[in-house]
Amino acid sequence: MNTSGFTYDLPAERIAQTPVEPRDASRLLDARTKRDHTFRDLPALLEPGDLVVVNSTRVRKARLHGRKRDTGGAVEALLLGVLADGSWEAMVRPARRIRVGTELDFDRMRATVLTDPEDGRVLLQLEGDGDIESLIADHGQVPLPPYITTTLDDPERYQTVYARDPGSAAAPTAGLHFTDRVLAGLAERGIALAEVDLEVGLGTFRPISTDRVEDHDMHVERYRVPEETAEAIAACRRRSGRVVAIGTTTVRTLETAASDDGRVSAGAGETKLYLLPGSRIRCVDLLVTNFHLPRSSLLVLLEAFMGPGWRDIYGEALTRGYRFLSFGDAMLCARTDRPA
């Protein structure tokens, strides 16, 4: 399948640079009916007995500014995640003249470069005067996607209201629209809520660079499905409810953990799941998602979920003035092989 089929013209002015206030005032396009709504209408668009599943990951303040110890030259590191051996994967810039053994100072933290840069990525041994996660939270900055060029006054605006443990380099952006009012509305309508955790990596923003979609190398992300969530999905199935995934990261988590009969197993691990057109969707019935970058694996996932009709919906969204990408608006769509 040619990657050119997953591109479209996205004018720069349609890329949202700031979030709307309040969060649930963002727009929501129901792809099933092509009707316009606001996000606070979401409970009314679902049915009692449905189950909404969110990704409760928290964005780590992963952007660190420091200096090379030998020369004093300025350096920036974007921490992508901690590995099992305790080292950190990071993007560094300028990567020029960064080599194995280079020592970096970041406020109360020190880093030793363990690998030569590859596409700007290195492994770091990070040490500090105290707990590393606490030091990162105190001295780091929340990283924003590269297409957002403005400064965010309130860093919490790039976190969901239900965010828990830090671990992601980017937000699960479909969840940014939720407010306590929307969560209360779901509960009042008899719609249950469950959580998964997938640590979102920067690979989510990386365009597909291969000519064939199938040749794209999917990034690895860590995930966790709590026992309570697996049980909630099983209960949803028993009452003939629908599983509603908030964001593509939730889809990838649930489909990684799902068996052929749609049951989801609790547990943790890593996923490189790459859902392509023709892939069987085993668990998720409805998807709430933002509008994605051209040539991204997220568009490929969207076609796997709802079929080629996404192109028509994107055209409608552009015509109707919807805002795109992380701080933009959202859409609600149904799995192609299940009635809406």
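Is Arg295 buried, exposed or partly exposed? Select Arg295 in your viewer and colour it brightly. At 27% relative accessibility, Arg295 counts as partly exposed, because that label covers values between 20% and 50%. Keep in mind on this tour that the model is predicted.

**Stop 1: unusual backbone angles**

Stay with Arg295, which sits in the loop between strand 16 and helix 6. Its phi is near 60 degrees, a positive value in a residue other than glycine. Most residues other than glycine have a negative phi, and most peptide bonds are trans.

Next, select Asp107, in the loop between strand 8 and strand 9 (109-113). Here phi is near 50 degrees, again positive in a residue that is not glycine. Asp107 is exposed, with a relative accessible area of 58%.

Now for two peptide bonds. Select Glu21 and Pro22: the bond from Glu21 to Pro22 is cis, with omega near -10 degrees. Pro22 belongs to the segment before strand 1. Then go to Arg93 and Pro94, which are joined by a cis peptide bond with omega about -5 degrees. You will find Pro94 in the loop between strand 7 (88-93) and strand 8.

**Stop 2: two crossing helices**

Select residues 297-306, which form helix 6, and residues 310-319, which form helix 7. The axes of these helices come within 10 Å and cross at roughly 115 degrees. Show side chains at the contact: Leu299, Leu302, Glu303 and Met306 come from helix 6, while Trp310, Arg311, Ile313 and Tyr314 come from helix 7. Sorted by type, the residues of this contact are six nonpolar, no polar and two charged.

Zoom in on Glu303, one of the residues of helix 6. At 11% relative accessibility, Glu303 counts as buried. Its side chain and that of Trp310 are joined by a polar contact of 2.9 Å. Not counting residues up to four places away in sequence, Glu303 touches Phe6, Pro277, Pro308, Trp310 and Arg311.

**Stop 3: the nonpolar cores**

Which residues touch the most other members of the largest nonpolar core? Select Tyr158, Leu302, Met306, Tyr314, Phe324 and Met331 to see them, out of 63 residues in that core. Helix 6 gives the most to this core, with seven residues.

Now click on Phe324 alone. Leaving aside neighbours within four places in sequence, Phe324 is in contact with Tyr8, Leu10, Arg14, Ile15, Ala16, Phe291, Tyr314, Ala317 and Leu318. Apart from the largest core lies another, of 23 residues, including Val75, Leu78, Leu80 and Ala90.

**Stop 4: charged pairs**

How many salt bridges are there? The count comes to 29, and you can visit a few.

Start with Arg181 and Asp24, whose side chains meet in a salt bridge (2.8 Å, N to O). Arg181 lies in helix 3 (residues 180-188) and Asp24 in the segment before strand 1 (27-30), so this pair ties together parts that are 157 residues apart in sequence. Asp24 counts as buried, at 0% relative accessibility.

Move on to Arg69 and Glu103, where the closest N and O atoms of the salt bridge are 3.4 Å apart. Arg69 is in the loop between strand 5 (63-68) and strand 6 (74-82) and Glu103 in strand 8 (residues 103-106), so the parts tied together are 34 residues apart in sequence. Arg69 is partly exposed at 39%, and Glu103 is partly exposed at 35%.

One further pair to select is Arg212 and Glu214, with a salt bridge of 3.8 Å, N to O. Then show Arg27, Asp36, Glu316 and Arg320 together: salt bridges that share partners join them into one network.

**Stop 5: two loop residues**

Select Asp285, in the loop between strand 15 (267-271) and strand 16 (286-290). Asp285 counts as buried, with 2% relative accessibility. Its side chain makes a polar contact of 2.8 Å with the side chain of Arg237. The Asp285 side chain also reaches the backbone nitrogen of Val243 at 2.9 Å.

Finish at Gly203, in the loop between strand 12 (192-198) and strand 13 (221-225). At 9% relative accessibility, Gly203 counts as buried. Draw a distance from its C-alpha atom to that of Ser296: the two are separated by 9.7 Å, though they are 93 residues apart along the chain.

Key
Residues numbered from 1 in each chain as written. Predicted model: local features only at pLDDT ≥ 70, side-chain atom pairs only at ≥ 80, totals over all residues. Heavy atoms only, no water. Helix = DSSP H or I, 4+ residues; strand = E, 2+ residues; numbered from the N terminus. Buried < 20%, exposed > 50% of the residue type's maximum accessible area, 1.4 Å probe, protein only. Polar contact = N/O pair within 3.5 Å; in protein donor to acceptor, adjacent residues only side chain to side chain. Axes fitted to C-alpha atoms, helices over the stretch in contact; angles between N-to-C directions. Contact = heavy atoms within 4.5 Å. Nonpolar A, V, L, I, M, F, W, Y, C, P; charged D, E, K, R; others polar. Core = buried A, V, L, I, M, F, W, Y, C linked by side-chain atoms within 4.5 Å. Salt bridge = Lys/Arg side-chain N within 4 Å of Asp/Glu carboxyl O.
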